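Q: Please take a close look at one part of this assembly, the way its chains meet, and set that part in the context of the rest.

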Amino acid sequence: MGYVAVSGGSEAIEASIRLLDYYRSGTDKDLDIETVAEKLSLLVDRVMGEAGLYSKTYAALALKQCEGCIEEAVFLLRAYRSTLTRNYYSNVLDSNNMRVVRRISSAFKDIEGGQILGATYDYTHRLINFEIGSEDAGALRMNVLEELNSQRPEEIAPCPRVSDELKKEGLIETVLPDKAEPFDITENLLEYPADRSARLQTLSRADTGFLSGLAYSSLRGFGGAHPTVGELRTGYVEVNVPYLFDEAQEIYLGEVLITEVEIFSEADDEDKLKLAVGYGAVFGRNENKAIAAAILDRELETGGPYPSQNEEFVLTHGDSLEMSGFLSHLKLPHYVTFQSKLDAVRKTRGGKA
Amino acid sequence: MHLDEKPVLRVENLTMRYGKGCPRCGDSLEKNRCRVCKTVWALNDVSVELFPGEVLGIVGESGSGKSTLMKSLYFDLEPSSGRAYLRDYKDGEVSIWTVGAAERRSIKNNLMGMVYQNPVLGLRMDFSCASNIAEKIIAAGGRSAGQMTERAAELLEAMEILPSRMSEAPRNFSGGMQQRVQLSKALANNPSLLLLDEVTTGLDLSVQAKVLDLIRKIKAKYGVSILLVSHDLAVIRMLADRTIVMLDGKIIERGLTDQILEDPQHEYTQQLVHSLI
Amino acid sequence: MNKNYNFAFIDEGSKREIRRTILKAVAIPGYQVPFGSRELPIGRGWGTGGIQITLSLIGPDDVLKVIDQGSDESVNAVNIKKFVGLCTDVRTTVKTSEATIIQTRHRIPETPLRNDQILVLQVPIPEPLRIVEASEEKTKKMHAEKDYAPMWLLLYESLIKYGKITLGTEYPLMVEGRYIMNPSPIPKFDNPKLNDSECLYLFGAGREKKIYAIPPHTLAESLAFEDVPFEKESFKGKRCRLCGSEDTYLDEMFDSSTGEKMYQCSDTSYCQEVRGCI
């Protein structure tokens with residue numbers, strides 16, 4: 001008996017999972033969760049953002065569990081989150097009162113509240129620093145803390161937005177606050193045309209690479225936005241939930257680190273008398289994603305013939321979980337469908353002969 | 001031509017504007033654009049009647065509104081106001097612009113045929129000629145593949161395309177042939193109204209002559225009434241029984257084609273006719 | 001059963017929401033009802049729509065069968081069974097006749113199903129019109145207006161070009177003369193089983209967030225022209241090398257030692273039942 005049909009799947013799967021432990025173990029050195037959470041913070045930020053779950057510890061844990069694979073980590077967090085009961089919806093985050101750690105504008109040299117360069121890799125030379133290979137982590141940490149502690153922190157007042165000034169001048173449309181309940185993309189099928197709230201949430205949770213590529217295509221000419229970064233701000237914002245017994249009160253839960261971007265581009269009004277704003281907000285310090293989201297927000301508002309301007313195209317194809325799930329499902333057996341394909345091809349050949 | 005019969009098509013007060021319009025639009029128009037509010041009046045209160053067996057020519061320069069008229073009738077554009085009645089739709093008592101999408105599709109596929117100047121608008125370039133013709137029949141509810149193929153062969157032959165080429169895609173055909181495939185498609189369900197929008201524009205003269213000749217044959221063979229748009233008076237002269245002259249979204253002159261060619265009344269028509277001679 | 005999670009994993013509120021969606025789907029056969037698909041620990045595109053239906057329906061007394069490509073032992077089927085086992089204690093079976101809920105990917109069992117059974121199909125792309133129109137906004141309109149001409153045109157074009165309708169799996173059906181639906185990637189061989197059936201068929205697409213249904217005794221006709229009958233895959237002159245059946249869907253295989261081509265039932269438990277192994 002030569003052929004054995006594919007069966008005994010259970011044992012194969014279990015063995016495969018054990019083999020993963022071999023790859024995950026890697027070396028006899030441990031990688032503790034705190035190290036991942038605190039030393040690989042940009043990676044953790046990206047995973048938290050795409051998962052839509054703000055927890056550095058769990059994100060680090062998830063990353064450790066899957067050998068640092070972003071899609072897998074996002075997947076783990078999302079699946080975990082969907083088992084949690086949703087007890088509260090937070091009040092709208094007030095990013096006007098952000099505890100800013102970085103704030104720049106490419107539109108104006110001087111902005112009210114000042115530019116704060118903060119931490120950025122933008123102006124580093126991308127030279128591999130071989131000394132990091134043998135650095136003393138403890139000493140390094142002590143040094144940077146000493147330097148910080150020796151300086152007196154400057155009081156940072158809440159900064160107005162760069163766009164506020166332009167709104168005052170009438171160069172940007174002033175929009176009244178929209179009190180409508182936002183669309184919740186985690187509990188509903190997104191239908192088109194989509195609300196802006198649904199769009200911004202989708203962009204915020206989308207895969208960083210997908211958004212960056214699309215926004216890049218728009219900049220290069222497959223799109224209409226010629227954006228200027230009006231303002232990019234990173235900092236901590238408070239999360240509050242309404243107090244159950246007194247609607248006017250709220251309960252402070254803690255703060256989250258977010259990056260917010262407003263880009264300015266020409267409005268699509270006929271006479272070009274105004275500027276328009278695109279907005280993006282993401283968890284953590286994922287700046288390029290925030291910029292890309294803001295560009296795409298603008299492109300989708302305008303619409304047009306390019307992929308970056310097609311709402312359904314942009315909003316349907318950027319979810320990390322959905323794209324990686326559907327791509328990986330191709331590895332499942334397709335014996336039956338392929339047999340049917342073969343049958344069709346053979347019949348057609350038969351008909352032609 | 002039967003001017004005493006009930007018209008196949010009756011268009012009343014068709015207006016198509018881009019912009020909100022304003023109280024001063026009436027006397028502030030520069031060409032078809034309001035100087036005050038900048039509204040463009042692509043069609044301004046246009047009324048047309050088409051009688052059984054008639055070819056009605058519509059002549060005018062580009063921007064005069066003639067193609068907008070055709071596209072409104074074929075539901076490609078939604079008019080701002082106005083009514084259109086078809087003799088064969090509810091006895092001409094309900095305007096086709098008041099009905100829903102499904103009903104419109106039925107009207108469009110059963111009662112009308114359209115040939116666009118640009119064949120890309122009228123044909124699926126990568127589908128076979130047979131499918132292009134079948135599309136109309138399917139849309140009208142046809143579900144017999146054999147009958148569709150038979151009808152496609154018959155129509156292609158009438159348009160002087162070898163039926164053996166019906167499995168080929170129009171993408172590889174010459175411009176004249178593409179127009180003939182469009183004509184076959186337009187006639188698929190024996191419509192009472194055929195809309196021809198600049199069908200010969202851009203074709204070589206000899207090819208033009210062939211297509212025009214075929215249109216004449218179609219008229220004789222299928223008894224269809226034709227609305228024929230062209231900027232070319234020569235085409236109008238050859239085919240149209242009656243002619244309408246349009247300028248800046250308005251009808252400025254109408255009458256028997258011979259009458260218009262021999263004794264044009266409006267200054268613009270006079271220029272047009274003189275440039276022909 | 002893992003006590004850290006709710007029975008059948010999903011919280012009761014979400015289960016109820018999914019069951020309401022199913023009721024709507026049963027009420028409008030063939031219509032794709034949108035729902036708030038939840039994230040599961042299983043990949044989107046790996047049957048999460050079907051699993052959500054199964055999890056929201058399953059109770060302690062149910063008997064579950066899961067198949068993939070017709071096989072109970074296929075890696076994905078095993079994986080799903082394991083997951084459901086982890087969060088419920090329901091009995092599983094390989095025998096089609098014993099199951100109350102059967103979750104499947106790409107096949108409908110050969111054993112005819114009864115009116116006390118539910119077949120749950122996993123659906124990758126629920127939209128039958130996707131092959132003729134990429135945009136969801138447009139296909140939704142097409143369904144609303146019953147504008148199905150582009151679908152028929154695709155079939156006709158196939159006849160003109162190849163003399164045959166070349167669509168294989170996911171062959172569309174017209175349900176109760178109203179909605180065209182996608183039967184999921186089952187072979188055409190299984191399409192007739194959907195028509196006037198005894199059992200309830202439920203279709204779940206997790207990634208695309210849609211659920212639809214064919215209730216018992218519903219008219220579900222594979223699209224065909226009046227003069228070109230619908231044609232299934234044919235295995236004429238071939239039979240299962242194990243059980244000898246000539247009327248089942250067969251997998252084609254190669255004997256790696258002799259290089260010989262042979263055939264075997266794709267529904268492995270049916271094959272075993274014919275042979276009296278189970």
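A: What follows goes from the chain pairs to one contact, then to the domains of one chain and to the buried cores.

The model is predicted. Two pairs of chains touch, and the pair with the most contacts is chains A and C. Chains A and B, by contrast, do not touch, with 11 Å between their nearest C-alpha atoms.

The contact between chains B and C draws on 17 residues of chain B and 15 residues of chain C. On the chain B side, three helices each give at least two residues: α2 (101-111), α4 (129-139) and α5 (145-158). Of these, α4(B) provides the largest share, six residues. Sorted by class, the residues of chain B that touch chain C are nine nonpolar, five polar and three charged.

Chain A, which takes part in the pair with the most contacts, has a domain boundary of its own to consider. Its assignment gives domain 1 (2-81) and domain 2 (95-318). The C-alpha centres of domain 1 and domain 2 of chain A are 28 Å apart. Where these domains meet, domain 1 of chain A contributes eight residues and domain 2 of chain A contributes eleven. The domain 1 side of that contact consists of three nonpolar, two polar and three charged residues.

As a whole, chain A contains 13 helices and four strands. Its C-alpha trace spans about 80 × 60 × 55 Å along the principal axes. Of its 353 residues, 32% are counted as buried. When contacts in chain A between residues at least 6 apart in sequence are considered, 64% link residues at least 24 apart.

The buried nonpolar residues can be followed in the same way. In soluble globular proteins, nonpolar side chains tend to be buried together. Here the largest nonpolar core holds 192 residues, and those touching the most other members are V47(A), A59(A), L77(A), L296(A), L196(B), L228(B) and Y156(C). These residues come from chains A, B and C. V47(A), A59(A) and L77(A) fall within the bounds of domain 1 of chain A, and L296(A) within those of domain 2.

L196(B) can serve as an example from this list. Beyond its neighbours within four places in sequence, L196(B) contacts V115(B), I215(B), I226(B), L227(B), L228(B) and V229(B). One of these partners, L228(B), is also among the residues that touch the most other members of the core. Apart from the largest core there is another, of eight residues, including C240(C), L250(C), C265(C) and Y270(C).

Conventions:
Residues are numbered from 1 along each chain as its sequence is written. Chains are lettered from A and ligands numbered from 1 in the order in which they are written. This is a predicted model: local features need pLDDT of at least 70, side-chain atom pairs count only at pLDDT 80 or more; totals for chains, interfaces and linings use all residues. A nonpolar core is a set of buried Ala, Val, Leu, Ile, Met, Phe, Trp, Tyr and Cys residues joined through C-beta atoms within 7 Å. A residue is buried if 20 or more other C-beta atoms lie within 10 Å of its own, exposed if 12 or fewer, and partly exposed in between; C-beta atoms are placed from the backbone. Two residues are in contact if their C-beta atoms, placed from the backbone, lie within 7 Å. Ala, Val, Leu, Ile, Met, Phe, Trp, Tyr, Cys and Pro count as nonpolar, Asp, Glu, Lys and Arg as charged, and the others, Gly among them, as polar. Domain bounds come from an automatic or database domain assignment.
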